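Reader: I'm new to reading protein models, and I'd like a close look at one helix and what surrounds it. Could you take me through it slowly?

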Amino acid sequence: MRSAAASLVVCAAATVAAAMSSPAAAQTRLLFSSFTPPTHLMSQRVFPPWIKELEAATQGRVKIEMSPSSLAPPPGQLDLVLKGGADMAWQFGGLVPHRLAMNQITQIPSPTASVEAMSRALWRTHEKFFGPAGEYKGLKLMALFTFGANSFFTVREPLNSLDQIKQMKVLTVPGSDAKAWGNLTTGVVTSPVVRYFELVSKGTVDAYTSMAAFDIYGQNLSRNTKYIVDLKDAKNANAFAVVMNEAKWNAIPRADQAALEKVMGESFAKHMKAVDEVTDEVVRKVTAEGVQRVSAPDAVVNGVKQAYAFVESDWLAEATKRGVDGRAALDFYRAQIRAAAK
């Protein structure tokens with residue numbers, strides 16, 4: 001009897017130990033806040049496959065759930081993660097330029113390439129140059145990426161002259177874009193892109209910018225758009241960061257951290273190929289529906305460049321303050337994009 005009882009005890013202990021060491025018991029569960037709706041491209045074709053890749057890298061020991069709606073306003077994603085309101089989030093740098101100053105390098109009009117290539121260039125530049133700035137204290141930086149180069153979208157008529165811009169109400173995001181367009185018109189209206197629909201659909205503005213072409217459908221703007229204006233080499237791009245709460249990251253076992261890092265950073269850029277594909281699809285579709293694609297006259301392109309001239313000088317000055325060799329970083333970033341565009 002004693003032998004049978006002892007065997008039962010041993011078996012029970014083994015069962016408990018096995019349960020405690022099982023993947024389910026060892027799971028790390030992460031809540032990912034997304035400030036765009038579930039119908040948005042990022043929520044449908046970019047983040048879900050990346051999340052699956054992260055989970056697979058740890059054999060399911062890390063599980064990530066995306067929030068069905070944003071857990072904080074678009075400018076508050078960093079603070080949300082810092083305070084533990086979510087474990088992960090993605091932040092548009094243009095809404096917090098004083099905090100994520102270095103990723104504003106993409107706001108400087110520069111050569112442009114595919115979204116995937118520009119995202120790789122941004123990560124490589126960060127890795128090589130931006131460390132001294134220390135902009136992600138309390139956070140684990142998981143990825144950096146850009147959207148496509150920004151175009152200029154008009155609601156009623158094409159863009160033919162700088163004098164025309166002076167008479168326009170132009171919708172843009174806060175930050176350097178707003179200041180630059182403010183050099184061309186007193187009619188600047190600012191808002192996060194996720195709120196563009198309300199302003200554009202009500203006829204509040206004559207044009208909008210600070211947005212890549214793929215988002216015409218993502219933000220339900222196609223019916224209110226008449227022209228997509230290519231600003232040529234006066235274009236810039238929006239940059240974003242994906243972050244995790246540092247304490248949450250530190251609580252993940254080191255083996256799983258190493259596995260996750262293999263599919264973070266520059267590796268994330270391959271998922272942005274979906275944005276390139278959707279951009280092509282959207283442009284074909286909206287042009288078939290009657291939206292016209294036009295190129296801005298050279299006088300307008302040059303005027304926009306001049307309006308943005310302060311962006312480069314201000315960014316270089318800020319880089320110096322933060323201990324970064326800004327000129328070397330900008331040259332490196334542009335060289336990466338030129339090489340990718342060949």
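Author: Sure, and one word has to be settled before we look at any helix: a residue is called buried when its relative accessible area is under 20%, exposed when that value is over 50%, and partly exposed in between. Also keep in mind that this is a predicted model.

Let's pick helix H10, which covers residues 254-261. Which residues of H10 are buried? They are Asp256, Gln257, Ala259 and Leu260. These four cover an arc of only 165 degrees around the axis, and that is why they end up on the same side of H10. There's a general rule behind this sort of pattern: an α-helix has 3.6 residues a turn, so residues three or four places apart point the same way. Now look at the face of H10 turned away from the buried side, and you'll meet the exposed residues Arg254 and Ala255.

So what do the buried residues of H10 pack against? Their partners are helix H2 (41-57), strand E2 (62-66) and helix H9 (246-251). Two of these names, H2 and E2, are worth following.

Start with E2, since it belongs to an open sheet of five strands. The order across this sheet is E2-E1-E3-E10-E4, and the pairing is mixed. E2 and strand E4 (139-146) are the edge strands, each pairing on one side only. If you compare neighbouring strands of this sheet, they are turned by 25 degrees against each other on average, ignoring direction. Over at E4, seven bridges join that strand to E10, and the two run antiparallel. You can pick out one facing pair there: Leu141 stands opposite Val243 in E10.

Next comes H2, the helix partner of H10. H2 packs on the sheet, where it touches strand E1 (28-33), E2, strand E3 (88-92), E4 and E10. The direction of H2 makes about 165 degrees with that of E2. So here's how the pieces fit: the buried residues of H10 pack against both H2 and E2, while H2 in turn packs on the sheet that has E2 as an edge strand.

The loop between H2 and E2 has a small oddity in it, and this is where Gln59 sits. Phi of Gln59 is near 55 degrees, which is a positive value in a residue other than glycine. Is Gln59 buried or exposed? With 63% relative accessibility, Gln59 counts as exposed. For a contrast, try Ser210, which sits in strand E8 (residues 207-211). Phi of Ser210 is near 60 degrees, again a positive value in a residue other than glycine, but Ser210 counts as buried, at 1% relative accessibility.

Back to H2, because a salt bridge starts there. The side chains of Glu53 and Lys270 meet in a salt bridge, 3.2 Å from N to O. Glu53 lies in helix H2 and Lys270 in the loop between H10 and helix H11 (273-288), so the pair ties together parts that are 217 residues apart in sequence. Lys270 itself is partly exposed, with a relative accessible area of 34%.

How many salt bridges does the count come to? The answer is 21. Here are two others that you can find further away along the chain.

One is between Lys179 and Asp314, at 3.8 Å from N to O. Lys179 lies in helix H6 (residues 176-182) and Asp314 in helix H13 (residues 309-321), so this pair ties together parts 135 residues apart in sequence. Lys179 is partly exposed, with a relative accessible area of 47%, and Asp314 counts as partly exposed at 40%.

Another joins the side chains of Asp233 and Lys305, at 2.9 Å from N to O. Asp233 is in the loop between strand E9 (227-230) and strand E10 (239-245), and Lys305 is in helix H12 (residues 298-307), 72 residues apart. Asp233 is partly exposed, at 43%, and Lys305 counts as partly exposed as well, at 33%.

Salt bridges can also link up into a network here: Glu116, Arg120, Arg124 and Glu266 are joined that way.

To go back to where we began, H10 has its buried residues on one side, and the exposed Arg254 and Ala255 are on the face turned away from that side.

Technical notes
Residues numbered from 1 in each chain as written. Predicted model: local features only at pLDDT ≥ 70, side-chain atom pairs only at ≥ 80, totals over all residues. Heavy atoms only, no water. Buried < 20%, exposed > 50% of the residue type's maximum accessible area, 1.4 Å probe, protein only. Arc of directions from axis to C-beta. Contact = heavy atoms within 4.5 Å. Salt bridge = Lys/Arg side-chain N within 4 Å of Asp/Glu carboxyl O. Pairing = 2+ DSSP bridges. Axes fitted to C-alpha atoms, helices over the stretch in contact; angles between N-to-C directions.
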